[in-house]
Structure formats: structure tokens, C-alpha cells
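Trainee: Could you take me through one part of this model closely, chain C and what surrounds it? I'd like one connected account rather than a list.

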Amino acid sequence: MAYYIGRRLLLMIPTLIVISFIIFVIIQLPPGDYLESYVAELESQGESVDPGQIAALRSQYGLDEPFLVQYLTWSTGMLHGDFGYSFEYGLPVTEVVGDRLFLTVIISLCTILFTWLIAFPIGMYSATHQYSWGDYGLTLLGFLGLATPNFLLALVMLYFANVTFGISIGGLMDPQYLDADWSWDKLMSVLQHLWIPVIVIGTSGTAAMIRRLRANLLDELHKPYVVTGRAKGVPPFRLLVKYPLRVSLNFFIADIGSMLPSIISGAEIVAVVLSLPTTGPILIAALQSQDMYLAGSFLMFLALLTVIGVLVSDIALALLDPRIRLEGVRTS
Amino acid sequence: MKGTILALLLMACAADAAAVPALQEELQETPLLSQQVATGELAPIARRLPDPPYVDTLSTTQADTEQGQQGGSIRLLMGKAKDVRQLVVYGYARLIGFNDRMELEADILEAFEVEGNRRFTFHLRPGHRWSDGVPFTSEDFRYFWEDVALNTELSPFGPPVALVVDGRLPTVEILDRYTVRYTWQNPNPEFLLALAGPSPLYIYRPAHYLKQFHVRYADPDQLAQRVEEAKIKKKQWTGLHQRQDHQYKFDNPDLPTLQPWIPVTPPPSEHFVFRRNPYYHRIDSAGRQLPYLDEIVIDIASGKLIPAKTGAGESDLQGRYLEMSNYTFLREGAKRGNFDVRLWSSSRGARVALYPNLNANDETWQRLLRDVRFRRALSLATNRHEINQVIYFGLALEGANTLIPASPLYRPEYRDAWARFDPEQANRLLDEIGLQQRDARGIRLLPDGRPAEIIVQSAGESTEETDVLELIHDSWMEVGIKIYVKPTEREIFRNRIFAGDALMSVWFGLENGLATADMTPAELAPTSQQQLQWSEWGKHYETGQGMPPDLPEAQRLLALYRQWRHADQIEERRRIWHEMLQIHADQVYSIGTVTEVKQPIVVNRHLHNVPESALWNWEPNAFFGRFRPDRFWLDPARSNSVAGGQ
Amino acid sequence: MKVNPVSEHFVSDKPFDPNSIEQIDPEQERLYLASQWRLMWWVFKRHRLALFCGVLILLMYLSILIAEYLAPYALKTRHTDYIYSPPQPVHLFHEGEFIGPFVYGWGYELDMDKLLRNYSEQRDRVYPLSFFCHGDPYEFWGIRQADLHLVCAPEGGVLFMLGTDRLGRDMLSRIIYGARISLTIGLLGIIVSFLLGITLGGFAGYYGGWVDSTVQRITEVIRSFPELPLWMALSAILPVTWSPLWVFFGITLILALLDWTGLARAVRSKLLALREEDYCMAAELMGARPTRIIGRHLLPGILSHLIASATLSIPAMILGETALSFLGLGLRPPITSWGVLLNEAQNINVVAIYPWLMLPVIPVIVVILAFNFFGDGLRDAADPYKH
């Protein structure tokens, strides 16, 4: 086991190097660089640009250096904690991102809780009452969230929340609390704004969870030990929960690892629509304007979390489920 | 009317709006600051103002402006954190600025003299202080010129382009503590315009603040430590200085400024607060220090959501990010949100204009696009009336891409040139050129057999543009020309035009449709690579690379522009402008559609002195700037909606 | 009776009919002799919702073929006089009398104060709908000229059952034409994804060892990226000069390239288990090549699972297309797809004042739900021997 973990950790290193290179390539792929998109943006607002100033900025930002040099500067910088400088914000990347991480994590955790709260009962009911109208109805409800395009749902909910409840549009709290200290009012404001993103993001995740829970439960429920239990008179609910449910939950535990990156980056599109102060919109804006250090470092961070997450998931799964063969070479 | 007044001013001495010298007894202390004055933290008002201050007498001379009261806070919405620089634009504190009569007038300066557009003498206001209380003197000008502009490390490409005339630098003389003089060998007619611009040319710096970052003045160890802490690339002091020296960016609370409001919130943030500048140099005629508003708050939200938020009443003064298509929605929310929706007009030459690329690489197409009959035919085949009705409710002004009626240089024949909808004449012109043959779909064939299909490059930003192009596509099909619209990212859009790969592009029309004879006609001549119809020629003018214009009319335009720069008399400048406008009207270098498209402006019901209707543009109005937001005031007791109106 | 000289057992040499011991009736015979696929079908039929959805999907794909015929108007037709029209009510009874489906006259008043068009019916004019009629001309599949429509607007009247957009284009027609692009992207994308996933996952699962490791690393690398940046980057490199059709294929390819990893993982894990089975070893001993073993023996066993997985990925593709359109990548006007339509509806004006422009969301929801239930039914039925 230790051998396995050790090997995986070692394998992570080349993987991450490859990933970092690919990330950098991807960010540089669209033609032009940050300054060009900056100039283009100024032009479209009618502001004029001094070519000399742009040239000076270019050399100051190091955008005129060859590709490999830029890559090496960035990647070696990351190794000792220097994630680079964001052109758009004029601040180090860590300051731009770190500010928003807290709220992002909160939203993500609430969303996950919400998803579980909805998916569990529906999944369990669906498995035990297969093909009934209740099954159909509830699964329909659960899948509705998946089927509706998030961005449209978000906008509609935003509008109606404002018209009906008077909640200010977008954001995670009323603007005056943004930089203020935490207080009861601020908390209330956050809760008022929180439910829309949680519902919009959460409902799209419920479908997947319902489906997997249902499938796993169905697998278990047809096993002989369940029949035995029923024959012996164990009450149905207890029978459901005590063994099959626990076995089916294996994958939840294993999934936690792979949920790490999405907790940090949190549903970018919905965040953009709802104008949430989370990390998702920053990432999208950085990619669009080719703010390469911000985009690159953040993506690298997410990639690292994913790789770690996959490792954690695999280990957890192996520990929980001895049926899975870890490594296999053909025995012949 | 406007032209002559402007002429007088530029030739004569300082415009003196401060006709009434401020009397000490008449000055009133600002309520917000009175406590700080009482404890001694701030000097009393008499010592905070320069002598003489700028006295804003507009409220006594103009009917719809009134004297206000100090106090209050308003909210604005912006789409990106960078947009806080709009407060420099709106604040509009300039050395010399445009006043309500579109004349250049001394603002921060007390007075200025211009001799032959070559020698400019500026007089500062004695006692004028930066926002941190340090005096504003000619030292700030000297620091900029000698230690920033001429410093080869800080400015490797030399001083700003607007200060260089025909390759020569000015002679800068610091005459005394409050007087500076700039002298050039050749005229520099754009100098004052650059100083008055929305994104102004800064010829001064807060020297006392920046000296701590300059290698010549700072303690070497301290400087090195600061550079280290700020994690500057390559550990160069110039990087740190440049990072701190950003008066236009307006995101550094420590940087002293002369604007009416000072940033208080350090980035990053979504909620930026700006407080009144206690040392602002303007007062109203009752002796109250401007600005009236104590505080401006800028909230950052996603650009697409701003119309929704404005409609919900979350903004007190909004124009940016609002479009004509939002008007109905805003009106529906106006009562609940306690605001008015006013309709200003935009002043671009055209809202949507097509630019045939005269420098296209494809030979056949280049010949065709350079044939003026082809361009005229395309313009005649454009149904501007339909565009106006379908997309702009008939409220826009149809015509070619040229000046708007409010400009003193406007003539109706410029706007009507080749701009009526006449498919028969268009067909005739195209037949005349030799494109008589058509294919099965009715599209004309080029001499080499290819169908006349033009790919129009678009920056793909607005659905409005797509809609206009859809209508143009249909009307051009009637004369046998088919267009494909290719939306691309902005950088690709420009690169393809620069490289000559794009046959035609679509963009806004003339940036400054409200030009006067003293404003630069650079847009009309091939002077910049950014011009979409002749970027190759423009690049030649800027950098000397590439090809100079080889069409006689374009060469004439360039020659006229050079003449304008050296012209001394206003009549000569006016004559040059008209000749250039006439060439454009004849040659149809761009195909305009409509102009004076309405711009919704949302104003809180209790905010006064915001014009009822005006022109919304970058230059020269600086959006709200020229209308003096420092004069806007809040009156919670009184609402200013007109009964029965909005 | 023969007596076995070695042992004392008897083997009766009376004629013996095996079927006399146990009789199976025709029904049971059908069951035992049924192929895997038929069993699947029987189980699938039990899931009535899945069946219904399957039929629905089939109908939708069929409708793509005759989109031009079904739509009341041609794709590019616009009506300058009917901009932002709300859905027009279709009536059956006029003043108490049954006439058949018809519409009243339709016009608007321009409210210049708010710049709003107020549409209303003109009850004095009755326009019965015509069916199988000649309406806007179109090019059937881009080849043949025709102008036959299922239903079209009556002479002198207009028919906007789902309203019009800002250029006066009929929404119903746009939605029908949009289905063509959106549904096809899903299908094509899944085919590409399928092929990639099976090939790579198959080799990884069968060979194990370094092949497995490499493929795993590749999938890991691809899965480590948040989808969005990868989409954005790949869309940005689509050449500008490509025609809309090629852009469309490019987008499909991009969506597929990021999707195959899930399938590959599933194939790999199942193959890892299955290849230890005896029949696999037997095939090997008989000299079959690996591709034959994978393709002929192993895959059919898991094909049902794969098809179920694949079907469940189609909704992700359709949503991916809408998401890309939202970001301004992917398909843009003048191409019409549901994603483009939804993107145009993505602003506050639409939500507050012109809500019928959001109607394309309904076919999106229906299709995605249909695929999901269909896939669920398939997957439940996938392993018929389990039941």
C-alpha cells in the first residue's frame, strides 16, 4: 500500500510538469497578448493609446521575451511561491485570488450540502420504488436542474428575487457590506443572496448523484443478504439503511477527492452571470484578456488539486472496497 | 457661434471665469470637514483653497443649473475594477478644460497664454495644494519633465508623443514658483486639446510623493528595500516608480491628486469609495467649496448585469454599460427605483460603419475597393431608413459617416452624400465598373470569375451590430453583393486588418462627430495604424514602415492635415477641415449608417444639476466630465422629475 | 439391457426423449433462446418512461430531416413590421362558432414614451390557417428548391405561434431550425467520443502495464483541467477563415475531445475485470489477436453499458454547446442553434419584457430529460442476465 502511494506521488511530478506546460501553451494560444487585448479594449471605449507607452509596458511586463523564457520564469517562480503579477489588477496573483477564496469555498460547501440533502431522499425512494410514478416524478424533479441551462435560470431567478423580495441583484451581499466587518446584518444579507446560487448550481449536481445512488442501491438491493434480511423480518427502512446504503456510499467518500477543484473554482459560468465575488469570474476574465500569470497560476492550482484529489479518491476507494484491483498486468 | 468664441479664446489671453475674487469672509466651511478643522487636523477653508480659487458662476448665469448644498453620497456601477479611472474622466479637473460653451478655459491653472501655438505660458494658482496638503508648484512640472520624461530609464521611448513636434522636444522653462513655459519650434495645435482630454496629458506629477521612488532622490537602501518588497521584475527601480506613478489609474489611495474626489479604498475590492478632496480648487459663487457631493461609491458588477441592477435602482448616476435597448426596461423600473431615465445622444459619426480596406492584399478586390464608384454603389445600396426604423425606433439620424449637426463645421451635404437609398443607381454604377455578370444566385461576378462575396470582419461585440449587418446584407443582395459576417476576437480583428487579410470591417464611425475647427482632423487623414480603411498608410505615418498613400485623394488628406498643424489662423483651419470633409463625402472611405443614437442616462430623482439632454461622448465631453459632476448635488427633500413626464 | 463389463451400472438403450422430462412451453423457449439484445429490449420496455422518451428522441431526430417543411417560415425571413411580437393566440371558436384553427389580425401600437410595441388582436379579421400549403421558398437540404410547408401563415396574415425576436423573425421556425444544429452536435460528438473512448480504454484495460499507465496519465491530465479554459483555448484557435459549417464541426470535435475520458475509464475498469474470464483465455489460447479478442469477445459484453453511458453524455454535449455560445465562443449568429438562441435571450430586457424569447429553453430541457431517462432505461436494461 505504501509502495502504491509512493509510486503515485512520484508519478504526480511529471504529470504536473506536463500539465503546467500545457496550461501555459493554452493561455498563449489565442493570438496576441495581454497588451493587445488591453489596447483593443481601450480603442473600443474610444480612448486612445500612446504606442510608445505600450512598447514600454511590453518590455516592463516581459511580454516581448520568447515563449520558453516566459514559461521558465513562471514555472520556476511558482516553485518558490511567487505566482506572478496580474496585469489587469496590478497586484500579485495571490492577493487577487486569496481575497475571494473564502467566499468561494463557502458557496461551494453550501451547494454540496444542498445537493446531498436533495439527492439522498430522492435516490433512496427511487431505488426502492422502481418504475413507480413516484419514482418518475421525483427523478424528473431532480433532473430538471440538470436540464435547464444554468445561466438562464440564474438570470430569471435573480430578476424575480428582486421584484418579489427586493433582494439586490447579483453579488453575494448588499454592496455596502462588501468591505465592512462581519456583523449580523452582513450575515443576513449574505444568506439572502446565497440561496440563488446554491439552488442554481446545486440542482445541476443533484441529477448525477441521484443516478449513482440509485444505481448502486439497486445493485445492492438485489443481493441475497438483503433477501435474507427481509425474510428474517428486519423492518424495511432499517434494512435499507444499515447495509446497502452504507455500501453504496463508498463512492461519495471517494468522490470527495475529486470535488476539491470544483470547490475552489466553483461553477464559473453561474458566478459570472450572478456577478459573484468568487474565483470563477476572475478566471474567465483572465483567460479572455490573456492575463497570463493570473490565469496560469490559478489553473495550475486547480490542476494540482485535481491530481491530489484523484489520488485521494483512488486511495479511499481502495481502502474501502477491496474488490478493486489496483494494478494489473496480464497474468499469462 | 461656438467657433468664433473658441477662436477668440485661443488667440487671446487667459479665459477668466473667476471674475469675482474670493473674499475671505464669504467662504463657508464644508460641513463634513468641520470637525477635522475644529480639532486642527485640517486647515480652515481659507488656507486650503488657492488664491484665487476657481469660482463657478454657472448657477447664476444658466437657467437649469442651480446652486446646491454640500453633502451626500451617490453610487455608480462599473464593470471592472479598472473602471475606477472613470472618476478621473468624470472629475475633469484639468489644467485647461472645455467649459459649457465648448471653449478652452483655465481650470487648475489660473491663466495661460498662447503665442502662435508655439509658446505656451502657464500660471498656477498660488496656494493650490495637492490632496495631502503639500503645495502644488512648478516643481511638480519640473520633476515630470527632467526626472521622468527625459530620464532614459523611466522613458526609454522618450516623452509622450503629444509633446514631440516634428521630432523636436520643447524647451521647458520654469520661470518661477508658479509659472511654467513650453516653447516649440513648430506649432503644436494639439497640445491644449491633449491637456483638456478625457484621459489627459499629464505634464506634472506629485513630485514630493514620487521622489521616494526615484533613484536620484531616494535613499538607495530604502529604495532597494522597497523594490524588493514590491517584488518588481528584474529588481529595477523604474518598475516601482512606474507602478506608483499612475495618476490616471486612480487606484492608489496614497497617490496625491488634484481631482474633486480622492480614492480611499485600496484594491482589490468590489466596492470603491471616493471622498471629497479637501484641497479642491473650485468654489461656487456662495463661497462653498466644491464638490457638493461628499462621497462617490463605485460598485463593481458584471457588465451584463449592470442594466438589471440599474433598473432595480442600485445606481444613482449611470450612463456607461447602458444601451438604447435597455430603455424600456429602465423606464419600467423607474418609479420603483426612484430614478429618471434621460435620453442623451451619442455623437459618433456613425453608430455602425463599414470600412472597405484600401490596403487589402487580394489584388482584384483591392482594385475594386479603390474604385470610388464601387464604394459609392455600396453606400447607395444601404437602406438606412429601414435600419433606423427597425433598430432605433426611427429616433436616430440617417446619413453618411461624418460630423453631426451640432458641430459648427457641419453641412447637410456631407451627411447626404451618396447616402440615400437608391438601388437603381447602385446597380448602374456596378454595371459601369464592369460587374455585369451574375451567377445563379444573382450575385455579381468579379472579373476573374469569383462571386462578389465580401467577408466583413467584426469584433463581434454587440447584437446591435449583427442586426444592422443583417439588414445591410439583405439590401446589398438586391444589387448583387453578398456579405458574410465573421465575428472574431478583438486582437484577431485588428491583426487581420493590419495584415491586409480582411476585405472589409465594421466598427463605430468617426470618434469625434462634434469637432470644431480647432480640434484635430487626424481621424480624417491616414495617420494611425488603427484606422480600419487604410491601416498600412497609417502605419507608415506613425513609424515610417510600410507604404505611404498612393491614392491622390489620400495624399491630399495627409497634406491637408500637415497644413492644419501649421495653420495659424482659425479661418485657414476651418477651410482645411471643410476640404477634408468634402473629400470624405466624395470618396466614401467609410459607409455610415445612422448617428445620434440615443443613450439612456439614469439619474437619481434627487440628484440635481445633471443636464436634461446632452451629448454622451468620450471626447470632448468626457462623458459627464464637461458637465461638471463636482456641481451635481443631492437634495433628499426635492425630487426633480417633471410632472407627467418621465 | 447392456451390462457394462467394468462397472455394474446400467445404461438403458431404450429410446429416450429429452423433452419428456421437462416440458418447456413456447414462452419459456423464447426466453431461453433469446439473444442478449432481445432480452435487453424486454427489460427496457418495462421502464415506460424510458420507452416514451426513446420514441420522443426518435421523433425529434426525424423532425430534423424535414425541418424546412415543419417550420412555418424560412430561416432568414424577417418581418420589419412585427418586431418583438409576443406569441399569437390560435383560436378554434369565433363568436361561438367552430371554424377550425385560425388567428385574428395582428398589429401593434408604438408607445413612443417607453419605446414599447403593444400588440393586440384585431378581432374583425379572421385568418384560417392553411395546412400543406405553399409558403416561403427554401432549399430542401440545401439541394432542392421547394416551398411546401406543414402549416403556414394565411394570405395577408401572419402566424407567430411563439412570437418574434428583435428583427421580426418567427421564433418557432428558429427553434425548429436550431434543433438541427444542436441535436446533431450531440450525436456527432458522442460518436467521436465513443470511438476514442473505446479504443484507448480498450487497449488500456486489455494490455495493462505501461499502456495502461500512459493512458491513465493522459486521462488524468485532461481531467485535471477545468473544462472551461480548455474550451476557451481550443475555440480560440479555430481558424477565422473557416466557414460556419467547419466551425460547427470544430466545436463538436472540441466537445468530444474533452468528453471521452469518462468512457475510457469505464471501459478500462470493466475490461480489467472481464479479461480474467475463462472465455477470454480460451480465445487467446486459440490464437486470436488482441484486437479480435477485444472487439469480438470482450466488448459485446460491455457494449450495453457503454451505450448507456454514451447516451447519458449527449445532454452534456448539448449543454456544452449552449455554454460555449454563452461565453461568446462556439457558434454565433448568423448560425442558428439553441445555444445561440438562448444566448440572445440572456439579458434583462428579455427576462423582464420579452419573456417568450426564452422559449428555446423548453426543447432543451425536454431533449436533455429525454436523453437522461432513455439512457437510464438503457442502463437498467444493460445487463439483462442480472434480472
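Mentor: Here is a walk through chain C, its helices and its partners.

First, the ground rules: this is a predicted model, so local features need pLDDT of at least 70, side-chain atom pairs count only at pLDDT 80 or more, and totals for chains, interfaces and linings use all residues. Residues are numbered from 1 along each chain as its sequence is written, while chains are lettered from A and ligands numbered from 1 in the order in which they are written.

Let's begin with helix α5 of chain C, residues 171–207 (helices here are DSSP runs of H or I, at least four residues; strands are runs of E, at least two; both are numbered from the N terminus). With 37 residues at 1.5 Å a residue, α5(C) should span 54 Å, and its end C-alpha atoms are 53 Å apart, which agrees. The expected span is 1.5 Å times one less than the number of residues. That said, α5(C) has a kink of about 25 degrees centred on G178(C), the bend being the angle between axes fitted to the seven residues ending at a residue and the seven starting there. Of the 37 residues in α5(C), 26 are buried, so the helix is mostly covered. Buried means 20 or more other C-beta atoms within 10 Å of a residue's own, exposed means 12 or fewer, and partly exposed is in between, with C-beta atoms placed from the backbone. After α5(C) comes G208(C), with a positive phi near 65 degrees.

Now look at what α5(C) packs on. Its axis and that of α9(C) come within 7 Å and cross at roughly 35 degrees, in a right-handed crossing. Axes are lines fitted to C-alpha atoms, for helices over the stretch in contact, and angles run from 0 to 180 degrees between N-to-C directions. As for hand, a crossing is left-handed if the near helix is turned anticlockwise from the far one by less than a right angle, and right-handed if clockwise. On the α5(C) side the contact includes F194(C), G197(C), G201(C) and Y206(C), and on the α9(C) side W260(C), A264(C), R265(C) and L271(C) are among the residues. Two residues are in contact if their C-beta atoms, placed from the backbone, lie within 7 Å. The residues of this contact divide into twelve nonpolar, five polar and two charged. In that scheme Ala, Val, Leu, Ile, Met, Phe, Trp, Tyr, Cys and Pro are nonpolar, Asp, Glu, Lys and Arg are charged, and the others, Gly among them, are polar.

Helix α9(C), residues 260–274, also meets α6(C): the two axes come within 10 Å and cross at roughly 145 degrees. This crossing is left-handed. V215(C), T219(C), I222(C) and R223(C) of α6(C) make the contact with T261(C), A264(C) and R265(C) of α9(C). By class, that gives three nonpolar, two polar and two charged residues. A264(C) and R265(C) therefore turn up in the contacts of α9(C) with both α5(C) and α6(C).

From α6(C) we can step out to chain A, where the contact takes 39 residues from chain C and 37 from chain A. Elements of chain C giving two or more residues to its side are α6 (209–224), α7 (227–236), α11 (290–326), α13 and α14 (361–382). The most comes from α14(C), with seven residues. By class, the chain C side has 27 nonpolar, seven polar and five charged residues. As for the partner, chain A holds 14 helices and two strands, and 39% of its 332 residues count as buried.

Towards chain B, 18 residues of chain C are in contact with 26 of chain B. Helix α13 of chain C, residues 348–352, supplies the largest share of the chain C side, three residues. That side has eleven nonpolar, three polar and four charged residues.

One residue to zoom in on is N349(C), which sits in helix α13 of chain C. N349(C) is buried, because 21 other C-beta atoms lie within 10 Å. Leaving aside neighbours within four places in sequence, N349(C) is in contact with S325(B), N326(B), F329(B) and Y354(C).
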